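Biologist: Please take a close look at how the helices pack against one another in this chain, and at what surrounds the ligands. I am a first-year student, so explain each term when you use it.

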Amino acid sequence: IHSDAKLKDPFTLAQKDLNHLYDDIKKELFVSKSELKSLCDYYFDGKGKAFRPMIVVLMARACNIHSNRDGDLLPGQRSIAMISEMIHTASLVHDDVIDGSDKRRGKTTINEVWGERKAILAGDFILSAASMALARIGNNTVVSVLSQVIEDLVRGEFMQLGSKENESERFKHYLEKSFKKTASLIANSCKAVSILVNSDPEVQEIAFQYGRNVGIAFQFPELHAMIMRRFSTTGDVDRAWQYVLESDGVDQTNYLAQSYCREAIRQISLLRPSPERDALIRLTEMVLTRDK
Ligand code: FPP
Ligand code: FPP
Ligand code: MG
Ligand code: MG
């Protein structure tokens with residue numbers, strides 16, 4: 001539907017707002033030339049996909065236009081894009097310790113090069129710098145929205161360590177974990193930029209729901225069909241779920257990813273048209289059609 005070739009792809013459209021992203025982050029990680037500085041800078045070399053900052057700047061411009069402003073980013077909105085990538089990266093530094101991983105973004109992990117103890121501290125330091133930048137925006141609601149993300153990341157990661165839910169709760173558990181581990185950061189960052197332009201509560205909710213649905217949809221292709229096959233058919237399921245449960249694991253995954261994408265598109269379409277809004281729609285369509 002939105003395949004007009006003249007329309008810029010989301011990555012190109014967001015690029016102008018993201019040119020200084022990594023330089024800005026390195027400035028926030030202000031420690032004098034020391035070993036800690038090299039650990040903290042290590043992943044901010046432009047090799048990450050910077051998906052979250054991209055979604056955040058597009059959402060910010062879409063909300064600004066919706067609120068009858070020019071699209072331009074407010075300084076606080078630009079900070080949220082940066083902070084979202086810092087929180088994300090800090091969580092990955094810790095995740096690689098937890099998982100004992102030796103590769104991240106095409107490089108040897110921090111824990112592998114410098115050891116686990118220093119990796120944990122580097123993650124903590126990046127998180128502290130993100131918190132400082134967040135406080136500087138000077139908006140208490142936004143501080144609490146982004147603090148919720150940190151809580152969710154920890155709870156989501158904790159849920160993954162092991163659970164004692166029964167058969168019928170396994171899928172509910174999976175969805176909740178996906179929200180906390182992946183979607184909460186995107187959803188709440190989108191909400192934060194909307195708050196910063198004083199959007200109506202309904203618009204804040206649209207921004208949140210877009211991020212939430214896209215975040216969950218992105219997780220599904222990663223889902224192992226095996227987990228899916230093990231859900232129980234008992235419990236409280238509506239017709240859509242019944243369909244999902246009756247098809248095989250791969251179809252279930254695709255079907256679910258598609259319903260989350262469709263919901264993301266439905267939500268964001270409620271905003272006034274803008275190139276950025278349309279880019280967010282196309283981004284979601286790209287998830288739907290990407291190679292699995
Ligand atoms: C690293 O993030 C991977 C995870 C956090 C696990 C789940 C995430 C996804 C399946 C993709 C997330 C999608 C969106 C829209 C944010 P990453 O894949 O973003 O890695 P990177 O930051 O190193 O590029
Ligand atoms: C990647 O998952 C991990 C996450 C998305 C979240 C990790 C969260 C924590 C370690 C909690 C601490 C949070 C902060 C902010 C310090 P994965 O292992 O499934 O993906 P991978 O294959 O990319 O490693
Ligand atoms: Mg991992
Ligand atoms: Mg992990």
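Modeller: Helix α2 and helix α5 are roughly perpendicular to each other (an angle of 65 to 115 degrees; under 35 is roughly parallel, over 145 roughly antiparallel, and the rest oblique). Their angle is about 70°, and the axes lie 10 Å apart, α2 being residues 21–28. (An axis is a line fitted to C-alpha atoms, for helices over the stretch in contact, and angles run from 0 to 180 degrees between N-to-C directions.) On the α2 side the contact consists of L21, D24 and I25, and on the α5 side of A81, M82, E85 and M86. (Residues are in contact if their C-beta atoms, placed from the backbone, lie within 7 Å.) This contact holds 5 nonpolar and 2 charged residues, and no polar ones. (Ala, Val, Leu, Ile, Met, Phe, Trp, Tyr, Cys and Pro count as nonpolar, Asp, Glu, Lys and Arg as charged, and the others, Gly among them, as polar.)

Keep in mind that the model is predicted: local features need pLDDT of at least 70, side-chain atom pairs count only at pLDDT 80 or more, and totals for chains, interfaces and linings use all residues. Residues are numbered from 1 along each chain as its sequence is written, while chains are lettered from A and ligands numbered from 1 in the order in which they are written.

The chain as a whole has 14 helices and 2 strands (DSSP runs numbered from the N terminus: H or I of at least four residues for helices, E of at least two for strands). It has 292 residues, of which 45% count as buried (20 or more other C-beta atoms within 10 Å of its own; 12 or fewer is exposed, in between is partly exposed, and C-beta atoms are placed from the backbone). Take the contacts between residues at least 6 apart in sequence: 75% of them join residues at least 24 apart.

Now back to α5, which also packs against α4. The axes of α4 and α5 come within 8 Å and cross at roughly 160°. This angle makes α4 roughly antiparallel to α5. From α4, the contact takes in R52, P53, V56, V57 and A60, and from α5, Q77, I80, A81, M82, S84, E85 and H88. By class, there are 7 nonpolar, 3 polar and 2 charged residues in this contact. A81, M82 and E85 of α5 thus face α4 here, and they also belong to the contact with α2.

V56, in helix α4, is worth a closer look. V56 counts as buried because it has 32 C-beta neighbours inside 10 Å. Beyond its neighbours within four places in sequence, V56 is in contact with I80, A81, S84, S189, C190 and V193. V56 and A207 are 151 residues apart along the chain, yet their C-alpha atoms are separated by 9.6 Å.

A207 leads to the next pair, α9 and α10. The axes of α9 (residues 170–196) and α10 (residues 201–219) come within 7 Å and cross at roughly 150°. That angle makes α9 roughly antiparallel to α10. Among the contact residues are S178, F179, T182, A183, S189 and C190 of α9, and A207, F208, Y210 and F218 of α10. The contact as a whole has 13 nonpolar, 9 polar and 2 charged residues.

A183 can also be set beside I281, which lies in helix α14 (residues 275–289). I281 is buried, because 24 other C-beta atoms lie within 10 Å. From C-alpha to C-alpha, I281 and A183 are 17 Å apart, and in sequence 98 residues apart.

The ligands come last. Ligand 1 is surrounded by 12 residues, the closest being G48, K49, F51, T182 and F218 (a residue is counted if its C-beta atom, placed from the backbone, lies within 6 Å). At least two residues of this shell come from each of α4 (51–66), α9 and α10. α10 gives the largest share, 3 residues. The shell divides into 4 nonpolar, 4 polar and 4 charged residues.

Around ligand 2 there are 16 residues, with S91, H94, D95, L153 and E157 the closest. Two or more come from each of α5 (75–99), α7 (116–137), α8 (140–161) and α9. α5 supplies the largest share, 7 residues. By class, this shell has 7 nonpolar, 5 polar and 4 charged residues.

Terms used:
Two residues are in contact if their C-beta atoms, placed from the backbone, lie within 7 Å.
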